[in-house]
Amino acid sequence: QVRLVESGGGLVQPGGSLPLSCTASGNMYEIKKMAWFRQAPGKERELVASDMYGSPTKYGDDVKGRFTLSVDKDKRTWFLQMGDLKPEDTAVYYCNALISVWVVGLELDDYWGQGTQVIVSS
């Protein structure tokens, strides 16, 4: 049983900063990809940041230069440091991971957190 547990989120003023974190727990072989997505009201889900082994960190165009993805591999935790927040950053933020796990054999599965609301407003 693999679970992704998020922390953070809340209300922040424009121009402010807010950190998010996500921790994976359970019996797993390896985390292949760690990512953050978001979905704003009336909009489709979009990639915020993604880190995959052997590849550079990717950022969505709208957050590039303002958000930073960091990883603590030993703790199976990844973070999203959000800075210079804007009202258009208001969304539900979801952590995501591609994880190899043992069932009858080794499988690669996609996991999601429950999401956390970020509201940027004065």
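The following questions and answers deal with the fold, one sheet, the core and one residue of this chain.

User: Where does the residue numbering start, and what kind of model is this?
Analyst: Residues are numbered from 1 along each chain as its sequence is written, and side-chain values use heavy atoms, with hydrogens and water left out. Local features need pLDDT of at least 70, side-chain atom pairs count only at pLDDT 80 or more, and totals for chains, interfaces and linings use all residues, since this is a predicted model.

User: How many helices and strands does the chain have?
Analyst: Elements are DSSP runs numbered from the N terminus, helices being H or I over at least four residues and strands E over at least two. From the N terminus on, every element is β. The chain has 0 helices and 11 strands.

User: What is the strand order of the open sheet of 4 strands?
Analyst: Two strands pair if DSSP finds at least two bridges between them. The pairing in this sheet is antiparallel, and the order is 1-3-8-7.

User: Why is one side of strand 1 and of strand 7 left without a neighbour in the sheet?
Analyst: Strand 1 (3-8) and strand 7 (67-72) each have a single partner strand. One side of each is therefore free of a neighbour, because both stand at the edges.

User: Which residue is the bridge partner of Phe67 in strand 8?
Analyst: Strand 7 and strand 8 (residues 77-82) run antiparallel and are joined by 6 bridges. For Phe67, the partner in strand 8 is Met82.

User: Which strand gives the most residues to the largest nonpolar core?
Analyst: A nonpolar core is a set of buried Ala, Val, Leu, Ile, Met, Phe, Trp, Tyr and Cys residues joined through side-chain atoms within 4.5 Å. The largest one has 30 residues, with Trp36, Trp78 and Tyr93 among those with the most contacts inside it. Elements giving two or more residues include strand 3 (18-25), strand 4 (30-39) and strand 9 (91-102). With 6 residues, the most comes from strand 9.

User: Is Thr116 buried or exposed?
Analyst: Thr116 lies in strand 11. Buried means under 20% relative accessible area, exposed over 50% and partly exposed in between, with a 1.4 Å probe and protein chains only. At 12% relative accessibility, Thr116 is therefore buried.

User: Which backbone oxygen does the side chain of Thr116 reach?
Analyst: Leaving out residues up to four places away in sequence, Thr116 touches Glu6, Gly8 and Leu20, among others, where contact means heavy atoms within 4.5 Å. At 3.0 Å, the side chain of Thr116 reaches the backbone oxygen of Gly8.

Technical notes. A polar contact is a pair of N or O atoms within 3.5 Å; within protein, one must be able to donate a hydrogen and the other to accept it, and residues adjacent in sequence count only if both atoms are side-chain atoms.
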